[in-house]
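User: Please take a close look at one part of this model. I want the packing contacts, in short sentences.

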Amino acid sequence: MKVTFILNHQEETWDVHPNDYLLDSLRTHHIVSVKRGCDTTSCGVCTVLLNGKAVPSCSILSASIDGKEVVTVEGIAKEAERLSEFMGHNGADQCGYCNPSLALSVHALQQENPHPSDADIRAFLVGNLCRCTGYHGQQEAILHYLEDDQ
């Protein structure tokens with residue numbers, strides 16, 4: 001079946017099978033910034049923005065994205081680059097496996113709540129697991145990034 005949707009600000013039409021997950025379709029089309037993690041929606045490394053909301057692409061059927069907008073980290077490249085600078089300055093950039101999904105989640109948080117508290121950030125990012133356990137540095141970097149953006 002064909003699905004037509006917006007991917008990173010450009011219209012795309014892809015052939016997908018009814019039981020394909022968005023994670024697999026994206027990676028098949030060489031969007032490899034979306035990582036495979038747990039496949040159970042627990043780790044967050046497959047996060048994409050679907051109509052502006054952070055969602056785990058391992059649980060979204062590709063057939064359901066017809067007419068919707070999907071954003072991967074490539075679609076927020078400038079914001080992701082700025083956030084990575086803050087991560088580096090705060091010693092929070094470790095293996096990098098979770099960075100694309102974290103950048104997308106921070107972007108979604110900023111859209112929903114431009115002035116989040118420390119607790120708001122922690123609550124919003126609870127589904128983004130870091131294999132390097134760098135949460136404190138990430139939290140500091142995100143706070144500085146969001147403060148700098150105001």
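Analyst: Buried area is the accessible area (1.4 Å probe) that two parts lose on being put together, summed over both. Domain 1 and domain 2 bury about 1,300 Å² between them. Carbon and sulfur atoms carry 62% of that area. In domain 1, V45, L49 and V73 lose the most area to domain 2. Together these three residues make up 35% of what the domain 1 side buries.

This is a predicted model, with pLDDT of at least 70 needed for local features and 80 or more for side-chain atom pairs, while totals for chains, interfaces and linings use all residues. Residues are numbered from 1 along each chain as its sequence is written, and side-chain values use heavy atoms, without hydrogens or water.

Domain 1 spans 2-74 and domain 2 spans 76-149 (bounds from an automatic or database assignment). Their centres, taken over C-alpha atoms, are 21 Å apart. The contact (heavy atoms within 4.5 Å) draws 18 residues from domain 1 and 17 residues from domain 2.

Now the helices (DSSP runs of H or I, at least four residues, numbered from the N terminus). Start with α2 (residues 77-89) and α5 (residues 135-148). Their axes (lines fitted to C-alpha atoms over the stretch in contact) come within 8 Å. They cross at roughly 125 degrees (0 to 180 scale, between N-to-C directions). That makes α2 oblique to α5 (under 35 is roughly parallel, over 145 roughly antiparallel, 65 to 115 roughly perpendicular, the rest oblique). From α2 come E79, R82, L83, F86 and M87; they meet Q138, A141, I142, H144, Y145 and D148 of α5. By class, this contact has six nonpolar, two polar and three charged residues (Ala, Val, Leu, Ile, Met, Phe, Trp, Tyr, Cys and Pro are nonpolar; Asp, Glu, Lys and Arg charged; the others, Gly among them, polar).

Helix α3 (residues 99-112) also contacts α5. These axes come within 12 Å and cross at roughly 45 degrees. So α3 is oblique to α5. L102, V106, L109 and Q110 of α3 face Q138, I142, Y145 and L146 of α5 in this contact. Six of the residues are nonpolar, two are polar and none is charged.

Last comes the pair α2 and α3, with axes within 10 Å of each other and a crossing of roughly 105 degrees. That makes α2 roughly perpendicular to α3. E79, A80, L83 and M87 of α2 meet L102, A103, V106 and H107 of α3. The split is six nonpolar, one polar and one charged.

Note on methods:
Helices (H or I, at least four residues) and strands (E, at least two) are DSSP runs, numbered from the N terminus.
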